[in-house]
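Biologist: Please show me the model, and then I will ask how its labels are justified.

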Amino acid sequence: MQLKGKRAVVTGSTSGIGLGIAREMARAGASVVINSFTDAPEDHALAKDLAAETGADVRYMQADMSKPDQCRALIKQAGGCDILVNNAGIQHVARIEEFPVEKWDAIIAINLSSAFHTTAAALPGMYAAGWGRVVNIASAHGLTASPYKAAYVAAKHGVVGLTKTTALEAAGKGITCNAICPGYVLTPLVESQIPDQMKTHGMDRETVIREVMLTRQPSREFATVEQMGGTAVFLCSDAAAQITGTTISVDGGWTAL
Ligand code: NAD
């Protein structure tokens, strides 16, 4: 139980990668706050289920990561945290000339600015404790670009920059900050796209995955939410105490190309 006694907050964690990370943190013994903006009965039930499954203290807290005051309030409501995982994120795909301004603003707010606000709120407690871990979920798109994803690519490159600055300011104080850069991860969102792609391309599941979805991922395999969770737990371990200000790609070789 390498994270016993540690308090983790994972933003945007009622599904996908955030949920995978929350689960691995709880399994490693941390008490965990999961978050989304919905505040639905299922969100609270999910926290209960995770607690029952892992034996950890897991609570759900509502906060809209597009709102600066709610980002900061989440950390306050959690009573501070030792581990902050900035995971909440959305995507929109369009040419720059046609990119809706409100989508640009929302992606920058949720994918980038939220990490600034939660980090600003969490650092004083980490400084006081002399220990802290900030794990930012960037993307292969924090290191490379694709067309039609201007806001996402800009936000994720911004997250990598914020990661470096946070690491420098906190260096030597027992606090590290790193970014995980996932390639294509098999989340429910991605899974739900497979049947449509099979129809569109007239291909079976395996061929669609290999030849359409994972063309930029040399392993031709999805990364998994469990692998994201394991990487995040590793970054919180003593073995990673001198790893700071860097990116860890979990992308099947995408960024090596
Ligand atoms: P997802 O849609 O399954 O989960 C996103 C989570 O964020 C959900 O819990 C959702 O409720 C929450 N969220 C969305 N808007 C929010 C808001 N305004 N306030 C609070 N919570 C909000 O997505 P995912 O695929 O698990 O992605 C999680 C993170 O990983 C994102 O930052 C994404 O950019 C990044 N990522 C995903 C992939 C991938 O292939 N899935 C690859 C690289 C990076």
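Modeller: This is a predicted model. A nitrogen atom of the ligand lies 2.9 Å from an N or O atom in the side chain of Asp 64.

Biologist: Why is the pair formed by the ligand and Asp 64 called a polar contact?

Modeller: A polar contact is a pair of N or O atoms within 3.5 Å. The pair at Asp 64 is 2.9 Å apart, so it counts as a polar contact.

Biologist: What makes the pairs at Thr 14 and Val 185 polar contacts?

Modeller: The cut-off is again 3.5 Å. An oxygen atom of the ligand is 3.1 Å from a polar side-chain atom of Thr 14, so that pair qualifies. At Val 185 a polar backbone atom is 2.8 Å from an oxygen atom of the ligand, so that pair qualifies too. Of the ligand's own 820 Å² of accessible area, the protein covers 88%.

Biologist: How do you know that Tyr 152 is near the ligand?

Modeller: A residue is near if one of its heavy atoms lies within 4 Å. Tyr 152 is among the 28 residues around the ligand, and is listed with those that come nearest, so it meets that limit.

Biologist: Which elements each supply at least two residues of the shell around the ligand?

Modeller: They are α1 (16–27), β2 (31–36) and α5 (150–170).

Biologist: What makes two residues of the shell charged?

Modeller: Asp, Glu, Lys and Arg count as charged, so those two must be of these kinds. The shell also has 13 nonpolar and 13 polar residues.

Terms used. Residues numbered from 1 in each chain as written. Predicted model: local features only at pLDDT ≥ 70, side-chain atom pairs only at ≥ 80, totals over all residues. Heavy atoms only, no water. Polar contact = N/O pair within 3.5 Å; in protein donor to acceptor, adjacent residues only side chain to side chain. Areas by Shrake-Rupley, 256 points an atom, 1.4 Å probe, with all protein chains shown as cover. Helix = DSSP H or I, 4+ residues; strand = E, 2+ residues; numbered from the N terminus.
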